[in-house]
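Dear colleague,

I am passing on the structure we spoke about, with the sequence beside it. Please look through it first; my notes on what was found follow below.

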Amino acid sequence: MGETSSAILTWIEHQEAWAPLLFIGIHLLRPFLFLPVMIVCITGGVWFGPIAGTAYSVIGTMLSSLLFYRTIRLVPSGLKRLRGLKEKWMKKNANLTVKQVAVLRLIPFIHFHLLSYCLLEISADFKEYAKSSLFANFPLAVVYTSMGQWISLLSIPMMIIFSIFLVVLSFTIRKKIEVFVWKDFFHTAP
């Protein structure tokens, strides 16, 4: 699959006028090609430069997020899987804030659509989801597109340290209150 992905990316590089649309299309096909978001964004920075690459990556990640919003309810097994993954990694009633999702999206190889699911849970409607997705996707596109060469030159230990820093940052900007459901707080005897 890796050879196919690199062949597709090389082909797009030679398409000139169609390249931006094809690049945005790669963002939409990214989950099926098993490409990490950061690799696609870094590639956009190399091909189009930091400004245009960031714009195309923001558009691509936004369309991917909006497509996720529209299709996740059509695939109940995917929704159930994401819910199980979230419950595995977080407390039962815990919700991430939009700021936390934005920081967690910067961590390499974190499941993009799991974080989109977290945004879906805290959003009241499509408009709010779109706004919070834009806020959460923008730092990802800016960092990985404009600083692509810097990040690609980091060693594995530095990437681990960077990831730990982002997790700690995400923990410090969390919501400081927690809501307990009455029946979970007071267990009644059967």
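**Overall fold and confidence**

The secondary structure of the protein amounts to ten helices and zero strands, so that, read along the sequence, the pattern is α-α-α-α-α-α-α-α-α-α. Please keep in mind throughout that this is a predicted model. The pLDDT of the protein averages 82, and 80% of the residues score at least 70. Confidence is highest in helix 7 (residues 126-146), with a mean of 92, and lowest in helix 8 (residues 148-152), where the mean is 60. Where pLDDT is low, the predicted coordinates should not be read in detail.

Of the 190 residues in the protein, 40% are buried. If one takes the contacts between residues at least 6 apart in sequence, 73% of them join residues at least 24 apart. The accessible surface comes to about 11900 Å², and carbon and sulfur atoms account for 70% of that surface.

**The salt bridge between helix 4 and helix 6**

How many salt bridges does a search of the whole structure find? The search finds one, and the pair consists of Glu-121 and Lys-86, whose closest N and O atoms are 2.8 Å apart. Because Glu-121 lies in helix 6 (residues 112-122) and Lys-86 in helix 4 (residues 76-89), the pair ties together parts that are 35 residues apart in sequence. The two partners can also be described by their accessibility: Glu-121 is partly exposed, with a relative accessible area of 35%, whereas Lys-86, with a relative accessible area of 6%, is buried.

Two further residues belong to these helices. Arg-81 has its place in helix 4 and, at 60% relative accessibility, counts as exposed; its C-alpha atom is separated by 9.4 Å from that of Leu-114, a residue 33 places away along the chain. Ser-116, which is found in helix 6, is buried, with a relative accessible area of 0%. When its neighbours within four places in sequence are left aside, Ser-116 is in contact with Ser-65, Phe-68, Arg-105 and Tyr-129.

**Buried residues elsewhere**

His-27 lies in helix 2 (residues 19-33). Is this side of the helix buried or exposed at His-27? At 1% relative accessibility, His-27 counts as buried, because buried means under 20%. Beyond its neighbours within four places in sequence, His-27 is in contact with Val-40, Cys-41, Tyr-56, Ser-57, Gly-60, Thr-61 and Ser-64.

One of those contacts, Cys-41, is itself buried, at 0% relative accessibility, and Cys-118 is buried too, with a relative accessible area of 2%. As you may wish to know about cysteine pairing, the count of disulfides comes to zero.

Leu-104 lies in helix 5 (residues 98-104) and counts as buried at 13% relative accessibility. Which residues does Leu-104 contact, once its neighbours within four places in sequence are left aside? They are Leu-96, Ile-110, Leu-115 and Ser-170. With Ser-170 the separation in sequence is 66 residues, while the C-alpha atoms of Leu-104 and Ser-170 are 6.8 Å apart in space.

**At the surface**

Ile-156, Ile-160, Ile-164 and Val-168 form a nonpolar patch on the surface, and together these side chains belong to residues with about 400 Å² of accessible area. Ile-164, one of the residues in that patch, is found in helix 9 (residues 156-172).

The last residue I would point out is Phe-34, which is found in the loop between helix 2 and helix 3 (37-71). Most residues other than glycine have a negative phi. Phe-34 is not a glycine, and yet its phi is positive, at about 60°. Phe-34 is also exposed, with a relative accessible area of 65%.

With best wishes

Notes. Residues are numbered from 1 along each chain as its sequence is written. Side-chain values use heavy atoms; hydrogens and water are left out. Helices (H or I, at least four residues) and strands (E, at least two) are DSSP runs, numbered from the N terminus. Buried means under 20% relative accessible area, exposed over 50%, partly exposed in between (1.4 Å probe, protein chains only). Contact means heavy atoms within 4.5 Å. Accessible areas come from the Shrake-Rupley method with a 1.4 Å probe; for residues, only the protein chains shown count as cover. Patches are made of residues with over 30% relative accessible area and no salt bridge: like charges are joined within 9 Å, nonpolar side chains (Val, Leu, Ile, Met, Phe, Trp, Tyr) within 5 Å. A salt bridge is a side-chain nitrogen of Lys or Arg within 4 Å of a carboxyl oxygen of Asp or Glu. A disulfide is a pair of cysteine sulfur atoms within 2.5 Å. pLDDT is the predictor's confidence in each residue, from 0 to 100.
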